[in-house]
Amino acid sequence: MRTNIFMLLLLALMPHALMSLKQRDLETVYQWRQLVFGFPTENDRRLALANGNLVPGNAVPIDVAPHRKSRVFVTIPRFQTGIPYSLALVSDQRDVNGPILQPYPSYEWNNAHGTDCDKITSAFRVAITACNQMFVIDSGNIGGYQHCPPQLLVFDLNTDTLIQRYRFDSDLYLSDGSLFITPIVVVQDPPPKGSCQRLHVYIADVNNHGLVIYDSKLNTAWRVENKFMYPDPDHGTHTIAGDTFTLMDGIFGLATDGRQLYFHPLASLSEYAVPLSVLNNRTNFLNGVAVREDQFRLVGRRSSQCAAQAMDSYKNLYCVTFNPITLTRWSSTKPYDVKHENRMSADPHLLEFVSGMKVFRGSSGKEELWMMSNRYQKVATGTLSDGEINYRVVRRVLDDVQHPPSTHQDLSSGLIFT
Ligand SMILES: *[C@@H]1O[C@H](CO)[C@@H](O)[C@H](O)[C@H]1NC(C)=O
């Protein structure tokens, strides 16, 4: 009797305790042995093959972004030639190697291969906002050669038309040396009240170790550098699922809780942070890019390197470590160290090199973690085989790990019933 009352009390106070009994699993949404490119016409496909613009073995997907309306965007940056388009939607049609991609917003937009800088040269990653807009970072670079200045493109996803373009000035990047890879967008006036006019975009320059901030109100951008954006040679060699390779990438994964920008270089075990208010104040950086050093801080160190990261509305930071492969969650209310690195249930065979990660509120209203896993370790070591599944889009509902920090902790630490 006593126990029953306590149980009822506990359940009434902690409804999420019921949910946490069941751990969520990863779900494979799409998988490919090799990417399959659809074309508007069979003649377009023949031409692409003849011109060397379709070499399916060269294509490695990097990012994934789900959109309401059940659409899923994928990016395939042009690390090499032979990529017919770098921004795609996954269609419902299937080939033996996996679902067929279709170019977005059109083949025309993607088919210039660096000869027309008004088109998309190499879409790297994307960010979709609450305003139903998609921000695309186009590196302008094909196979290490800077064909066009990097640019930020904004598409209205209601109409699938371009609504804004911002070309970065030459003082914001190093031609052939910079690589703009990750846009993170913070909207200051989101719907339903706001009109989506004021926003900032934070873009990682992975090769030239910097961050570029775009301000929509000023319609301008500036550059920020800091020692924490550099790779650490002690952590520049990586092992994923038994394959070892060296990749000295600098600032790579970005995430934000709306107050801080969290970031880490790929070749590093450390997570760093800087207040958005410091980055957003252009005056700070008028006389130099590597200033306000005191505002950058080490948040903590993880057990192993990781690539893309994302943060949910509960300020949980997610990343997939390389060795061992583990989907980790760090709660911002706990110290960031190996001891507080929560290991989430996730099949390591489905998550190898996770290069794209998004938190998306699905149709059920629950937040989901979406990931692009691409076995980059096999690309780097030249051991990719098109007889195996190499690319996966996976998702995981997050409700089993999302506890309101305050109520949950107060109750569990109080233990007033025992
Ligand atoms: C922006 O930075 C400048 C100089 O670093 C400072 O004087 C100014 O107060 C800051 N503005 C805001 C709004 O914080």
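Analyst: A polar contact is a pair of N or O atoms within 3.5 Å; within protein, one must be able to donate a hydrogen and the other to accept it, and residues adjacent in sequence count only if both atoms are side-chain atoms. This is a predicted model, in which local features need pLDDT of at least 70 and side-chain atom pairs pLDDT 80 or more, while totals for chains, interfaces and linings use all residues. Residues are numbered from 1 along each chain as its sequence is written, and side-chain values use heavy atoms, without hydrogens or water.

User: What makes the approach of asparagine 284 to the ligand a polar contact?

Analyst: A polar side-chain atom of asparagine 284 lies 2.6 Å from an oxygen atom of the ligand. For asparagine 281 the corresponding value is 2.3 Å. The limit is 3.5 Å, so both pairs qualify.

User: Which residues surround the ligand?

Analyst: Asn281, Thr283 and Asn284 do, each with a heavy atom within 4 Å of the ligand.

User: Why is glutamine 133 called buried?

Analyst: Its relative accessible area is 14%, and buried means under 20% (over 50% is exposed, in between partly exposed; 1.4 Å probe, protein chains only), so glutamine 133 qualifies. Glutamine 133 lies in strand β8 (residues 133–138). Beyond residues up to four places away in sequence, glutamine 133 touches Ala127, Ile128, Val154, Phe155, Leu157 and Ile163, with heavy atoms within 4.5 Å counted as contact.

User: What makes a space a cavity and not a pocket?

Analyst: On a 1 Å grid over the protein atoms alone, a 1.4 Å probe fits in a cavity but cannot get out, whereas a pocket is an open set with protein on both sides within 12 Å along at least five of seven lines; lining residues have an atom within 4 Å of a point. The structure holds one cavity of 30 Å³ or more, with about 50 Å³ of space. Its lining includes Arg302, Gln309, Leu317 and Trp330.

User: How many residues line the largest pocket, and which lie nearest its centre?

Analyst: The lining has 41 residues, with Ile128, Thr129, Val185, Met311 and Val359 nearest the centre. The pocket holds about 1,200 Å³. Strand β27 supplies the largest share of the lining, seven residues.

User: How do the lining residues of the largest pocket divide by class?

Analyst: There are 21 nonpolar, 11 polar and nine charged residues. Of the five nearest the centre, Ile128, Val185, Met311 and Val359 count as nonpolar and Thr129 as polar.

Note on methods: Points joined across faces, edges and corners; volume = space filled by probe spheres on them. Helix = DSSP H or I, 4+ residues; strand = E, 2+ residues; numbered from the N terminus.
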